[in-house]
Amino acid sequence: MRRVAILGLLVMVIASGRTILVPDSVATIQAGLNIARFGDTVLVRPGTYNENLVWPSIDGIKLISEAGPAGTIVDGGGSGTCLVMNTTTLTRATEVRGFTFQKGAGGIVCAGSATIAGNRVTRCQGTGIYLSSYSPGFSPLVIGNEIDGCVKEVLWSFGGGVYVDAPAGARPEICYNYIHDDTCRNGPWNYGGGIYCEAEALIYQNTIVRNVLTSDTGTSCRAYGAGIFVDMERKPLIFANLIAGNRCETDAWKYGAGIHLYLGAKPVIIGNTIAGNVCTGPHMWSNGGGIYSDMRCTSYVKNNIITGNQATSGSGVYNYTTTQNGLVISLYNNYYNNTLVGCSMGPGDITSNPLFVSGPRGGYYLSQTVAGQPQTSPCVDAGDTLEPVAGLNLDSLLHSWTTRTDSVCDIGRLDMGYHYPCGVPVGLAEDEAEGEIDQSRTRLVVGQQLWLAADQAAEPLELIDAVGRRVMWLQPGLNDMSGLRPGIYFASGKRSFQIVKFR
C-alpha cells in the first residue's frame, strides 16, 4: 500500500491570544506550555525536543508545530510518555497539531476532550494514543494522525495503536488516521493491535493495516482483535474503514484478526473493507479471520466487503452465540472467498470477486469501466441505503468519497466497502492542496478550481459538514466563511469540497 504522508496543518489559524515561540521566546516546549493561557498558541520551530511533556490544567491552548511532523520531533527518550494531558476539563479548543512523538514509554495520554490532529506517533514502548475518562461528556477528536511501530508489551497488552475507554454516552471520535504496524505482544492477554475500544466511539475513515498480536507465553495466551477489539457492551460505530493484513499469531486463542467483539459488545459495522486478515498459529483455536463475535454480542453488519481473511473456522465471520442475545445481522455484504460460522447470509449478501484495483491512494478501489478498467466490480451499486447513526449522515458521507480510481465520488446507489476520500481529507495528504486567498473574502476550493459559493442567479445551497449537519446556507455570490473551521464540506448533493485556506 502506498504510504500516506501526514501534513501537520493544511490551514493555520492562530487564536486571538498570544503566540509563544519555541525556542525563540522560551527554550523548551514545556516552558511554553507552562506560561500559556486560554487562547494562546505555543508555536514550535523545527527541531528535536528531548522532553516528556505535561499539559497544564488550562483549556484552550494550541500546541502547533511550524513545519509539521517531519521537522518537529518530541523524543520521549524511552523514560516516560511523550505527552500527558490529564486534565479532564479540556475541550476540543485544546489542540495538538503537527508533531512527531517518538520513543516514549507511550505516545500521547489524554483524559480530556482535546483535538489531536495531524501528528505522527511512532516507535513508542506503549500505546500510541491513550484516551481514557469516566465522564459521559468525553469527546476527544483524534484526526489525521499516523500511528505506527508502537509496541505494547505488558501483562494486559491492550491497544497498540489507540486505546479508548469511556462510559456509555461518551463519543470519542477517531477518524482519518493511518494506524499500521503496531503490536501487542507477550502478555497472556493481547487485545486490539490497531485499536482497543471500550467506548461508544465514532471510528471512521481510518486505514488500519498490518497490526499484530503475538505471544510466546504458551498455550494460555490470547490474541483478540488485531485490527480492532471492542469490549464490554459498548456500541461504537465502525464505519468506512480499511482493515487489512492484520494478524493474530499465538499458540492458543486467535480470535478476530480484523475485528473482535467481546462480552456484549454491540457495534454497528458499516461500509468497511475487511480483507486479508489472518489468524495463524500451530495449536488450538483459530476463529474469525474477518470478524469474531463473542457471547452476548449483537452486531449490525452492512455494506461491507469481507474477503480473503483466514482462520481455521469462520474465515469471514465467526459468531460464538446464535441466540437472540448474540446475533450477527448481515445485510448487503460481499463474503468472497470467506466462510460464515454461527450466522447466515442475509438480504443483499453476495459471494463474488470484488475485483480490487490499485489507484492513487491504495489497492482497494473497485474495478469500474467508467474509470478505465475492463469490467465493473459486482460491489458497485450493490449496497443499500444507510440510516443516520450517532449524529452522522452516513449516506452523505459516502457520497462525498469514492471507490473509483479516477476519484469521482460515489453517486446513486451506494457501492459496498471502503470509500477513499476525494481530494485532500483533513490532516492527510499525498501533496498539499493548491488554492488561492481572496484578501477580503473566503473562497472555497474544489480540486484546483476556485468556487465562489454559487452563480448570481442560483438558489441558496445547504452547506453540510462531515457529520451531516447543516452549518449554513450559501447565498448567490460570495459568502463569509470566517466562522468555519477547516474541513471537508459539501453542498446540496454536489461534489464535496474543502476549505483549504481562509482569512
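Let's start with one residue: Arg120, at 24% relative accessibility, counts as partly exposed. Its salt-bridge partner, Glu146, is buried, with a relative accessible area of 3%. Keep in mind that this is a predicted model, with an average pLDDT of 85 across the protein. The chain folds into 2 helices and 53 strands, so strand pairing gets a good share of the space below.

**Overall picture**

- The protein has 503 residues, and 59% of them count as buried.
- Its accessible surface adds up to about 18,200 Å², with 50% of that belonging to carbon and sulfur atoms.
- Take the contacts in the protein with a separation of 6 or more: residues 24 or more positions apart account for 68% of them.

**How far to trust the coordinates**

- A pLDDT of at least 70 is reached by 81% of the residues.
- Residues 424-457 stay under 50 in pLDDT, and the model gives this stretch 90 contacts beyond four places in sequence.
- Residues 493-503 are also below 50, with 52 contacts in the model beyond near neighbours in sequence.
- Where pLDDT is low, the predicted coordinates should not be read in detail.

**The 12-stranded sheet**

- An open sheet is built from 12 strands in the order 1-2-5-8-11-14-19-24-29-34-39-42, and the pairing is parallel.
- Strand 1 (19-22) and strand 42 (328-331) are the edge strands, each pairing on one side only.
- On average, neighbouring strands of this sheet are turned by 10° against each other, direction ignored.
- For a look at one pair inside the sheet, strand 2 (residues 41-44) and strand 5 (residues 62-65) run parallel and pair over 4 bridges.
- Val42 has Leu63 in strand 5 as its bridge partner.
- As general background, strands of a sheet pair through backbone hydrogen bonds, either parallel or antiparallel.

**An antiparallel hairpin**

- Strand 44 (residues 356-359) pairs with strand 45 (residues 362-366) in the antiparallel sense, over 3 bridges.
- The two strands, 44 and 45, form a hairpin with 2 residues between them.
- Within this pairing, Val357 stands opposite Tyr365 in strand 45.

**Salt bridges**

- Searching the whole structure turns up 13 salt bridges.
- One of them joins the side chains of Asp40 and Arg18, at 2.6 Å from N to O. This pair links distant parts of the chain, 22 residues apart: Asp40 sits in the loop between helix 1 (29-35) and strand 2, and Arg18 in the segment before strand 1.
- The two ends of that bridge are covered to different degrees: Asp40 is buried, with a relative accessible area of 4%, while Arg18 is partly exposed at 42%.
- Arg45 and Glu66 form another salt bridge, with their closest N and O atoms 2.5 Å apart. Here too distant parts of the chain are linked, 21 residues apart: Arg45 is in the loop between strand 2 and strand 3 (47-49), and Glu66 in the loop between strand 5 and strand 6 (72-75).
- Arg45 is partly exposed, with a relative accessible area of 26%, and Glu66 is partly exposed as well, at 38%.
- Back to the opening pair: the side chains of Arg120 and Glu146 meet at 3.9 Å, N to O. Arg120 lies in strand 12 (residues 120-122) and Glu146 in strand 15 (residues 146-148), so this salt bridge ties together parts that are 26 residues apart in sequence.
- There is also a network: Asp24, Arg45 and Glu66 are joined by salt bridges that share partners.

**A closer look at Asn287**

- Asn287 belongs to strand 37 (residues 286-287).
- Is Asn287 buried or exposed? Asn287 counts as buried because its relative accessibility is 8%, and the cut-off for buried is under 20%.
- Which residues does Asn287 touch, not counting those up to four places away in sequence? The set is Lys254, Tyr255, Gly256, Cys279, Tyr292, Ala311, Ser313 and Tyr318.

Terms used. Residues numbered from 1 in each chain as written. Predicted model: local features only at pLDDT ≥ 70, side-chain atom pairs only at ≥ 80, totals over all residues. Heavy atoms only, no water. Pairing = 2+ DSSP bridges. Axes fitted to C-alpha atoms, helices over the stretch in contact; angles between N-to-C directions. Salt bridge = Lys/Arg side-chain N within 4 Å of Asp/Glu carboxyl O. Buried < 20%, exposed > 50% of the residue type's maximum accessible area, 1.4 Å probe, protein only. Contact = heavy atoms within 4.5 Å. Areas by Shrake-Rupley, 256 points an atom, 1.4 Å probe, with all protein chains shown as cover. pLDDT = per-residue confidence, 0-100.
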